[in-house]
Amino acid sequence: MVFPESALESGEAVHPREVMAVVEVVSKSNPENDYEGKMRDYPIMGIPSYLLIDPRTGTGMLLSAPHQTPEGRRYSTRREFAFGETIRVGEWEVATADFPTY
């Protein structure tokens with residue numbers, strides 16, 4: 001998760017509204033959790049960016065710009081990439097050239 005350091009000062013859990021981005025590596029044992037559950041839950045929580053890295057395929061996707069749809073709150077922007085590309089997540093750049101695959 002990416003959030004301001006000040007979010008830790010209260011000693012409580014970081015509130016989702018303070019999270020600017022979440023980066024997940026797809027698990028071998030439960031990829032559905034990342035591709036289905038979290039893709040559904042994070043925009044509902046108001047998390048602006050979700051970077052999903054899939055070492056199984058050497059690819060990933062950046063989901064961003066949550067908005068309201070008839071099915072509920074969803075990400076409106078989806079950018080797929082292959083390992084080797086540099087991805088812009090908010091104000092940060094993530095170089096993926098050295099990401100390993102499994």
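This section describes the fold, sheet, helix packing, salt bridges and solvent exposure of a predicted model.

The protein chain contains 1 helix and 6 strands. Read from the N terminus, these elements follow the order β-α-β-β-β-β-β. The radius of gyration is 14 Å, close to the 13 Å that the globule rule gives for 102 residues, so the chain is as compact as a globular protein of that length. Along the principal axes, the C-alpha atoms occupy a box of roughly 35 × 35 × 30 Å. Of the 102 residues, 35% are buried. The exposed surface of the protein chain amounts to about 6200 Å², of which carbon and sulfur atoms contribute 50%. Among contacts with a separation of 6 or more, 41% involve residues 24 or more positions apart.

An open sheet is built from 4 strands in the order 1-2-3-4, with mixed pairing. The edges are occupied by strand 1 (21–25) and strand 4 (72–82); each has a single partner strand, so one side of each is left without a neighbour in the sheet. From one strand to the next, the twist averages 20°. Strands of a sheet pair through backbone hydrogen bonds, in either a parallel or an antiparallel arrangement.

Within this sheet, strand 2 and strand 3 run antiparallel and are joined by 6 bridges. In this pairing, S49 is placed opposite S64 of strand 3. The hairpin of strand 2 and strand 3 has 4 residues between the strands, and G58 in this hairpin adopts a positive phi near 70°. Strand 3 (residues 59–69) is also paired with strand 4, in the antiparallel sense and over 10 bridges. The hairpin that joins strand 3 to strand 4 passes through 2 residues. T69 stands opposite G72 in strand 4, and M61 stands opposite E80 in strand 4.

Helix 1 (residues 31–45) packs on the sheet and touches strand 1, strand 2 (49–54), strand 3 and strand 4. The direction of helix 1 makes about 125° with that of strand 4.

The model contains 7 salt bridges. One of them is formed by the side chains of K38 and E24, with an N to O distance of 3.1 Å. K38 belongs to helix 1 and E24 to strand 1, so the pair ties together parts that are 14 residues apart in sequence. Both K38 and E24 are buried, each having a relative accessible area under 20%.

Two further salt bridges involve arginine residues. R40 is bridged to D41, with the closest N and O atoms 3.0 Å apart. R40 has a relative accessibility of 41% and therefore counts as partly exposed, and D41, at 29%, likewise counts as partly exposed. R79 forms a salt bridge with E85, in which the closest N and O atoms are 3.1 Å apart. R79 is partly exposed at 36% relative accessibility, and E85 is partly exposed with a relative accessible area of 29%. In addition, E24, D34 and K38 are joined into one network by salt bridges that share partners.

The segment before strand 1 includes E9. The relative accessibility of E9 is 67%, so this residue counts as exposed, the cut-off for that class being over 50%. E9 and L63 lie 54 residues apart along the chain, and their C-alpha atoms are separated by 29 Å.

Key:
Residues are numbered from 1 along each chain as its sequence is written. This is a predicted model: local features need pLDDT of at least 70, side-chain atom pairs count only at pLDDT 80 or more; totals for chains, interfaces and linings use all residues. Side-chain values use heavy atoms; hydrogens and water are left out. Two strands pair if DSSP finds at least two bridges between them. Axes are lines fitted to C-alpha atoms, for helices over the stretch in contact, and angles run from 0 to 180 degrees between N-to-C directions. Contact means heavy atoms within 4.5 Å. Buried means under 20% relative accessible area, exposed over 50%, partly exposed in between (1.4 Å probe, protein chains only). The radius of gyration is taken over C-alpha atoms; the globule rule is 2.2 Å times the number of residues to the power 0.38. Accessible areas come from the Shrake-Rupley method with a 1.4 Å probe; for residues, only the protein chains shown count as cover. A salt bridge is a side-chain nitrogen of Lys or Arg within 4 Å of a carboxyl oxygen of Asp or Glu.
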